[in-house]
Amino acid sequence: MVLTVPTPSPVAVHDENRVWTLHDLATLHELQKPAAVVVSAVYESPHSPLGTKDSVRVIFANEQLTKQYGAPRPQEECAHLMRLTSEEAQRKRRNWLSKAAMVGLFCSSSDGVRPVNTKPCREQGKHGHQTWMDVRQLLMPVFSGVTLDGPSRMLRVDSKPIKVETSPGHVEIAFLHVIESEGSSHTDLRVAAIYDRSPIHTFMFDSEGAMLTANQAALLAHQRSALGLTASHGSAITLRSLFDCGSYDGGQQEAQAAYDEAVNAVFSLQVDCHRHIHPHISKKDGRTKWAMIEMWPMQDPVTAGSAVLAKKYNISQQKELELQLASQQVALQRQNQELEQDSVIMQEEQRKLQREANSLAQRLEAVLHDKFTPRSGFDADTPIDKTLQFLQGVIAGDMPPVQTALDLYHILSESDTNLRQPVGLESQLLQHSLGSEVGQSMLQLLQGNSSAPRGGEGLIISGPVCMLSDKRACLESAAAQSSGLARHGSMTKQQQQQLFIPTNVTPDVERRLYDAESNWQFDIFGYAEACHGKCLSMLTFHLMKQTGIIKEHGLDESKLCHFLQKIESGYDSANPYHNSVHVASVVQMSHMLLCHGGVLKSGAMNRQQQVATYWSAMVHDHEHGGLNNDFLIKSRHPLAITYNDQSPLENHHLASAVRLLLQPEYQYIPASHCSAEATAQFRIVAVNQVLGTDMKKHFDITSRFQAAFKKASGGAEATSAAATIDWDQVKVEDKTLVEQMVMKCADIGHLAAAARTHKRWAYQLEEEFFRQGDKERSCGLSVSPLMDRSTQGGMTRSQMGFFSIVGIPLFKAMAEVFEDAQPMLDGVMANYHHWEAATPEADLPA
């Protein structure tokens with residue numbers, strides 16, 4: 001597709017509808033000025049910084065032009081030199097050609113409309129659009145006699161569009177450029193520089209504040225506002241005099257300070273634009289007016305020294321509006337104060353009514369006690385039932401005892417409260433007269449085995465978890481396991497070493513591995529590229545080695561490496577997001593939270609849970625197919641059927657990894673470290689962490705975590721809650737929330753990564769979503785939101801919402817309890833602000 005610089009339709013130019021032939025153009029040789037006829041266009045180009053490229057074709061150049069500036073260059077050479085010119089020079093050329101084109105278009109209109117910054121047709125006559133251009137910007141790419149290292153001169157060019165018959169029957173719109181004169185004087189060069197920036201009310205001063213030049217409009221405006229200054233020739237005008245026109249409360253001292261600040265900003269700091277606002281007294285009506293001085297640093301085109309362009313204009317109307325707004329704000333504040341006073345009076349009245357209601361409730365309490373007797377036996381009321389009963393009493397005009405409200409408050413604020421389960425179900429069943437065995441059976445039926453042992457520090461998983469109901473089958477399974485261990489014990493040293501597939505660790509990989517131990521913004525992509533497909537297994541082994549886990553628990557290193565590599569092979573590198581690189585980043589972030597985020601230091605988790613967390617992080621997406629749970633469920637995938645639509649992916653990740661661990665060749669943990677209690681503890685941690693990564697459980701986990709530890713810390717916000725919590729007294733259920741929060745933060749830990757790394761993950765996840773959308777379409781399913789690649793934008797459009805609703809609350813909750821994790825939250829906020837800066841205001845979340 002061709003984008004042309006705005007050129008007019010075939011209409012009359014300057015009241016004539018002439019079509020020039022190539023023969024007619026020869027008459028331009030008679031001009032005593034350089035002239036050329038050029039066809040210019042702009043094409044889309046994804047490889048250009050501006051997204052476009054220029055095309056220039058010289059149809060004709062007269063003798064004066066070729067004599068002074070050389071013959072036209074070949075079109076290929078011209079295109080190459082166009083690319084070498086700066087973006088600013090390209091923009092100026094296009095702006096100039098655009099204005100030249102509009103002169104021809106609007107001068108032929110009957111409605112008198114004309115473009116901004118162009119003279120009316122009656123003023124321009126036959127000259128078209130006149131402008132000043134640097135000879136190198138204008139002619140260097142087109143004519144061979146002008147080079148980049150040649151002298152810089154300003155040309156005054158008269159340009160207009162004409163119609164030329166370039167071949168029989170083919171008419172093109174071209175530009176006739178006539179070079180009227182070269183700006184050789186100092187004044188011409190400086191005036192051209194002023195015109196290039198802003199032609200209205202502009203001065204040019206040197207670094208000492210002396211005026212170099214000014215346009216007439218600026219001189220006249222300053223003459224009207226500066227009493228006692230001679231503006232006719234500018235001899236008395238300096239940069240300081242622009243500030244002296246102000247009426248300052250601090251007098252000349254304040255004016256001098258404002259001037260010094262401006263000089264420092266322009267000549268020392270080289271800011272893009274410095275602005276100063278000052279009041280002055282109008283000589284016409286004596287009212288206070290406001291003026292703004294804008295200053296841009298530049299280079300004097302004559303001396304090449306430092307200079308400044310200054311522009312001064314009236315902003316009184318704007319200032320008056322600001323003062324009116326400030327006055328209205330004061331009035332609103334006064335109204336707010338009055339409303340607050342009224343609110344205090346109303347609150348006092350409310351307390352008075354409450355006291356009267358309490359008195360009435362106490363008098364009726366005896367009657368209520370006699371009429372309603374407490375229920376005995378099993379209490380089947382759920383928290384919702386009790387809440388509804390409480391509200392019904394209030395609506396009916398009853399005032400229940402304060403203790404009832406306190407009891408209900410404590411029930412609802414407990415982190416382990418299930419709103420659809422009887423209050424205190426476990427304690428009621430175990431203490432009820434039904435008997436302990438019946439009570440435990442009922443508890444397991446209604447709640448699950450919540451009282452599974454969690455103590456002990458030994459490492460776990462020595463063999464398969466026995467799920468057989470037949471005792472004989474259990475014994476046969478254990479015998480087979482013992483036989484497998486015995487066979488391994490009889491292996492030669494060489495055979496055992498063959499299980500360990502070593503990877504040559506280069507100095508670069510080793511440096512990156514040590515960096516992973518303590519860097520919140522670890523470069524996971526740079527590390528993965530250096531590892532050549534073994535990033536997950538190498539990183540996990542390194543962290544287990546460096547933290548002392550391998551030595552402490554006497555792990556079989558060759559079997560461990562064999563297991564790690566087998567797990568890594570279960571991640572599909574074709575997945576843009578759910579691959580071994582993502583999982584390696586989750587392992588690394590889990591390590592950071594445990595070892596540097598205060599989780600282990602505080603005692604919230606122990607060494608056994610640390611081992612389980614590394615394992616959970618490593619397997620949490622094992623055999624992920626790049627399709628989410630919703631797809632599996634709505635496509636009736638066998639995994640969704642197997643797990644009854646309940647977190648099918650997470651269940652499969654965990655189950656497939658456990659199946660591998662149960663195979664003798666991967667059992668890297670010695671039997672001496674595998675008590676039944678430790679094995680059960682390990683499995684509980686892994687199940688809770690991996691299943692907790694299902695985002696459908698996000699709000700349940702985070703809200704319970706916040707409720708548990710805000711209450712545990714006494715609501716303290718000034719210090720880390722972890723420092724005020726006695727973790728030995730924290731309930732097992734609440735410690736589980738810590739384990740789950742660690743894994744959840746690590747799973748979306750790229751939100752805290754360096755901006756470049758985070759955005760790369762975001763776009764890779766978007767591509768994975770697009771591929772699922774393609775799959776849904778091919779299967780005849782409705783395409784999920786933000787997964788249709790044919791629409792504008794995908795998942796990355798939702799980043800602000802994801803950060804605001806999910807990411808920031810999650811990481812903030814973690815950092816509020818574990819203050820050492822603050823760097824993680826800082827990284828999240830930095831990335832949030834990156835997305836915020838790139839998001840249109842209309843799309844920002846409210």
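Reader: Which residue stands opposite Val308 in β12?

Author: This is a predicted model: local features need pLDDT of at least 70, side-chain atom pairs count only at pLDDT 80 or more, and totals for chains, interfaces and linings use all residues. Numbering starts from 1 along each chain as its sequence is written, and side-chain values use heavy atoms, without hydrogens and water. Nine bridges join β11 (residues 288-299) to β12, and the two run antiparallel. Opposite Val308 in β12 stands Pro297.

Reader: How many helices and strands are there in the protein?

Author: Both are DSSP runs, numbered from the N terminus: helices are H or I with at least four residues, strands are E with at least two. By that count the protein has 34 helices and 12 strands.

Reader: In what order do the five strands of the open sheet stand?

Author: Two strands pair if DSSP finds at least two bridges between them. β8 (residues 202-206) and β12 (residues 306-314) run antiparallel and share five bridges. β9 (211-214) and β10 (274-281) are the edge strands, each pairing on one side only. The pairing is antiparallel, and the order is β9-β8-β12-β11-β10.

Reader: Which residue in β12 does Met204 stand opposite?

Author: Follow the bridges between β8 and β12, which run antiparallel. Asp206 faces Ala307 in β12. Met204 stands opposite Leu309.

Reader: Which residue in the turn of the β8 and β9 hairpin has a positive phi?

Author: β8 and β9 pair in the antiparallel sense over three bridges. Phe205 has Met211 as its bridge partner in β9. Four residues lie between the strands, and the one with a positive phi, of about 90 degrees, is Gly209.

Reader: Which residue takes a positive phi in the hairpin of β11 and β12?

Author: This hairpin has six residues between its strands. The phi is near 65 degrees, and the residue is Ala304.

Reader: What angle does the direction of helix α10 make with that of β10?

Author: Axes are lines fitted to C-alpha atoms, for helices over the stretch in contact, and angles run from 0 to 180 degrees between N-to-C directions. Neighbouring strands of the sheet are turned by 25 degrees against each other on average, direction ignored. Helix α10 (residues 251-268) packs on this sheet, touching β8, β10, β11 and β12 (contact means heavy atoms within 4.5 Å). Its direction and that of β10 make about 160 degrees.

Reader: What share of the 846 residues is buried?

Author: Buried means under 20% relative accessible area, exposed over 50%, and partly exposed in between, with a 1.4 Å probe and protein chains only. Of the 846 residues, the buried ones make up 43%.

Reader: Which helix gives the most to the largest nonpolar core?

Author: A nonpolar core is a set of buried Ala, Val, Leu, Ile, Met, Phe, Trp, Tyr and Cys residues joined through side-chain atoms within 4.5 Å. The largest has 98 residues, and Tyr527, Phe563, Trp615 and Met824 have the most contacts inside it. A second, separate core of 20 residues includes Phe203, Leu219, Ile293 and Met295. With 10 residues, the helix that gives the most to the largest core is α33.

Reader: Why are the buried residues on the same side of α34?

Author: Met824, Leu825, Gly827, Val828, Asn831, Tyr832 and Trp835 are buried in α34. The arc is that of the directions from the helix axis to the C-beta atoms. They lie on the same side because they cover an arc of only 155 degrees.

Reader: Which helices are included in what covers the buried residues of α34?

Author: Start with Met824, buried in α34. Beyond its neighbours within four places in sequence, Met824 contacts Trp520, Met589, Leu593, Cys745, Ala752, Phe811 and Met814. The cover of α34 includes α23 (580-595), α31 (732-747), α32 (755-778) and α33 (799-817).

Reader: How many of the 12 residues of α22 are buried?

Author: The expected span of a helix is 1.5 Å times one less than its number of residues. For α22 (residues 557-568) that gives 16 Å, which agrees with end C-alpha atoms 16 Å apart. Among its buried residues are Lys559, His562 and Phe563. α22 is mostly covered, and its buried residues number 10.

Reader: How far apart in space are Ser616 and Gln689, C-alpha to C-alpha?

Author: Ser616 lies in helix α25 (residues 607-619) and counts as buried because its relative accessibility is 0%. Not counting residues up to four places away in sequence, Ser616 touches Val685, Ala686, Gln689, Val690 and Met743. Ser616 and Gln689 are 73 residues apart in sequence, but in space their C-alpha separation is 6.6 Å.
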